[in-house]
Amino acid sequence: MSHAPEITSSARPAILDRIAPAELPRRPLVENNRGFHWITEKICRIVEDPTPTWWKVLFLVALFLASFTLVGLVYVVSTGTATWGLRSPVNWGWAIVNFVFWVGIGHAGTLISAILCLLRQKWRTSINRAAEAMTIFAVCCAGLFPVFHTGRVWMAAWYLLPIPNSYDIWPQFRSPLEWDVFAVSTYFTVSLLFWYMGMVPDLGVLRDRAKQLWRKYFYGVLAMGWRNSNRHWSNYEMAYLLLAGLSTPLVLSVHTIVSFDFAVSNLPGWHTTIFPPYFVAGAIFSGFAMVLTLMLPLRAVFGLHDLITQYHIDCMTKIILATGTMVGYAYAMEFFIAAYSGNPFESFAFINRAFGQYGWAYFIMIACNVISPQLFWFRKIRENHALVWIICFFVNVGMWFERFVITVSSLANDFLPSSWGYYSPTIVDIFTFFGTFGFFSVLFLLFIRFLPLLPIAEVKAVTPQADPHHGDTH
Amino acid sequence: MSENASNQLYGLVCSFSKTADVLHAAEKVRDAGFKRWDVYTPFPIHGMDAAMGLTRSRVPVLTLLGGVTGFCTGMLFTWYMNAYDYPLIVGGKPLWSPIFPFPVMYECTILFAAFGTFFGQFLLNRLPRHHHPVFNYEKFVQASDDTFMIVIDATDPQFELEKTRGFLSEIGGAEVAEIQN
């Protein structure tokens with residue numbers, strides 16, 4: 001005898017039959033009623049079709065750009081970190097700014113895959129794979145800066161791993177920098193596991209469709225013998241949910257600990273309790289902007305309009321609007337607390353931020369981070385994808401300047417006016433930083449070309465026909 | 001179950017094209033009392049675990065083990081390094097307390113719990129696996145595209161080739177076929 005009627009009747013309260021509530025249509029996550037096979041074809045063809053010319057051109061450009069970072073880093077290692085324009089009082093220049101910038105970008109991936117998963121936001125399915133890839137590549141770019149900032153990069157093992165130095169002294173765990181080592185390396189590892197585990201069923205799809213021998217081996221090895229068994233799906237879904245649950249406190253802790261690098265010090269402008277939530281909101285803000293910066297062109301190039309719909313873009317722009325407003329609130333609150341604290345150094349630090357020697361950077365930050373996302377209140381703007389792309393670009397610029405303002409303005413003008421200074425980056429800083437966009441693009445282009453850009457199984461699972469009760473009359 | 005069947009034959013497969021059909025068919029296979037069988041679907045179907053009569057996944061146990069290990073590891077090595085092996089006096093504070101290295105323990109807890117989850121999932125699924133007899137079925141690749149399949153093992157105590165073949169057609173399965181070992 002069948003259990004099906006019991007399952008459905010228990011899920012549906014009897015009163016619903018009497019009052020007959022109106023059905024509110026939900027916006028579909030896959031438009032134009034696409035079937036399972038269409039989804040498989042659409043996503044797999046991105047990887048299986050011959051390499052497009054634009055990809056080759058972009059890849060060469062990205063490689064060229066990435067070589068800037070390589071040359072810059074070689075120069076820094078062979079000459080010294082002063083080539084980064086670091087001198088007293090500003091010993092944390094662009095390197096730390098870039099580190100925080102890239103780690104922040106990474107936050108959207110885990111937010112989409114973990115927090116939105118726990119909140120059952122099904123629209124995450126179309127974008128989570130690319131966002132997770134972005135996270136991992138962004139953390140790779142971020143990691144370069146603090147490692148090379150230490151100067152003697154060949155000693156990296158001694159400060160990245162708990163290893164005693166030549167006097168047998170271990171790292172001391174009271175330092176937020178040591179916490180940061182654990183936070184960022186855990187974040188990278190867990191994001192990588194999450195990304196890979198989510199990809200295993202889709203790698204199985206690519207393996208099953210593979211024609212060439214190298215593809216059979218490549219995807220065959222990566223898919224680990226996945227065979228879509230429901231006994232496997234059962235463990236897999238549980239593991240996915242648990243990883244989402246683990247990544248949620250992780251993603252919130254990472255930027256919190258990054259903010260501790262600043263907040264635990266005693267410097268005016270850094271020593272504030274608002275930093276952790278403010279940094280996390282800023283990270284999500286910049287991360288979503290980067291997701292849209294990457295996904296809007298890909299959607300157009302690969303014709304993914306049925307999979308990444310206007311609804312997805314609306315959701316993302318609204319998150320940018322919400323987090324942008326939170327960041328704006330944090331900027332205002334910092335000023336208020338500085339005045340309210342009655343601490344003259346604290347008040348000076350903030351007035352100096354806005355109207356001092358780095359005032360120009362402060363107002364670029366306000367214009368890009370607080371004002372530009374407010375345009376997303378308007379539907380017309382959210383539906384104009386060129387404009388959305390431009391605003392997201394501004395958000396990324398603004399978030400870079402936010403980190404610049406925080407790092408540099410506090411260091412350049414601290415307690416003693418006699419030791420004040422003005423920091424400017426050198427050509428090495430500039431080349432190394434812009435080169436990381438090349439490095440990021442190289443990794444992202446390889447990802448587009450060889451791995452499934454959208455999660456095939458997850459997208460299928462949110463189509464109406466995937467629901468076993470689809471079309472039921474009751 | 002005859003002797004040669006267990007050597008040659010892996011099992012019987014049948015296909016479905018709609019989620020609702022395969023879900024109801026799975027309920028019938030469960031109710032018929034089969035034990036060694038499986039459903040192959042391109043994506044996890046909501047309610048299929050209940051329809052197959054599967055118990056709750058045991059992955060959380062391994063996650064918990066990982067998490068507890070991580071937390072203890074974090075506690076232990078910060079204490080060993082900063083208070084025992086080479087006591088570091090910082091600002092006259094106690095050599096060790098669970099508070100100051102808390103971020104380290106927190107991250108270690110998450111890291112090891114994630115390892116427990118990730119490797120636990122593959123362990124419980126007996127993956128990676130080089131080959132499986134279901135891949136001998138030439139249409140099996142469709143199970144990762146748009147087709148749902150039910151496979152009943154020849155080693156199931158209730159398995160009888162002709163009777164089971166009839167049963168699979170009866171529950172609505174199309175293209176009933178044999179899979180060889």
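Colleague: What makes A:Tyr422 partly exposed in this predicted model?

Modeller: The relative accessibility of A:Tyr422 is 46%. Partly exposed covers the range between 20% and 50%, so A:Tyr422 at 46% counts as partly exposed.

Colleague: And A:Tyr358, is that one buried or exposed?

Modeller: Buried: A:Tyr358 has a relative accessible area of 3%, and buried means under 20%.

Colleague: Why is the aromatic pair of A:Tyr358 and A:Tyr422 called stacked?

Modeller: The ring centres of A:Tyr358 and A:Tyr422 are 4.8 Å apart, with 5° between the planes. Centres within 6.5 Å make a pair, and planes under 30 degrees apart make it stacked, so this pair earns the word. A:Tyr358 sits in the loop between α13 (344-355) and α14 (359-371) of chain A, and A:Tyr422 in the loop between α16 (385-412) and α17 (427-450), so the pair ties together parts that are 64 residues apart in sequence.

Colleague: Why is the pair of B:Phe34 and B:Phe167 called tilted, then?

Modeller: With 5.5 Å centre to centre, B:Phe34 and B:Phe167 pair up, but the angle between the planes is 40°. Stacked needs under 30 degrees and edge-to-face needs over 60, so tilted is the label for this pair. B:Phe34 is in the loop between α2 (19-31) and β2 (37-40) of chain B, while B:Phe167 is in helix α6 (residues 161-170), 133 residues apart. Both count as buried, B:Phe34 at 7% relative accessibility and B:Phe167 at 15%.

Colleague: Where does A:Arg174 lie with respect to B:Phe100?

Modeller: A:Arg174 lies over the face of B:Phe100, at 4.0 Å from the ring centre. The distance cut-off is 6 Å, and 4.0 Å meets it.

Colleague: How do you know that A:Cys140 has no disulfide partner?

Modeller: The closest cysteine sulfur, in A:Cys141, is 6.7 Å from that of A:Cys140. A disulfide needs the sulfur atoms within 2.5 Å, so 6.7 Å is too far for a bond. A:Cys140 is partly exposed, at 26% relative accessibility. As for A:Cys315, the nearest cysteine sulfur is that of A:Cys392, 14 Å away. A:Cys315 is buried, with a relative accessible area of 14%. Over all chains, the structure holds 0 disulfides.

Colleague: What makes B:Asn125 buried?

Modeller: B:Asn125 has a relative accessible area of 2%, and the limit is under 20%, so buried is the right word. Leaving aside neighbours within four places in sequence, the contacts of B:Asn125 are A:Trp226, A:Arg231, A:His232, A:Asn235 and A:Tyr236. B:Asn125 is in the loop between α5 (102-124) and β3 (148-153) of chain B.

Colleague: What is the phi of B:Arg126, and is the residue buried or exposed?

Modeller: Phi of B:Arg126 is near 55°, a positive value in a residue other than glycine. B:Arg126 counts as exposed at 61% relative accessibility, since exposed means over 50%. B:Arg126 is also found in the loop between α5 and β3 of chain B.

Colleague: What kind of peptide bond joins B:Leu127 and B:Pro128?

Modeller: A cis one, with omega about 0°. B:Pro128 lies in the loop between α5 and β3 of chain B. In chain A, a cis peptide bond joins A:Ser88 and A:Pro89, with omega about 5°.

Key:
Residues numbered from 1 in each chain as written. Chains lettered and ligands numbered in written order. Predicted model: local features only at pLDDT ≥ 70, side-chain atom pairs only at ≥ 80, totals over all residues. Heavy atoms only, no water. Phe/Tyr/Trp six-rings, centres within 6.5 Å; stacked < 30°, edge-to-face > 60°. Helix = DSSP H or I, 4+ residues; strand = E, 2+ residues; numbered from the N terminus. Buried < 20%, exposed > 50% of the residue type's maximum accessible area, 1.4 Å probe, protein only. Lys NZ or Arg CZ within 6 Å of the ring centre and 35° of its normal. Contact = heavy atoms within 4.5 Å.
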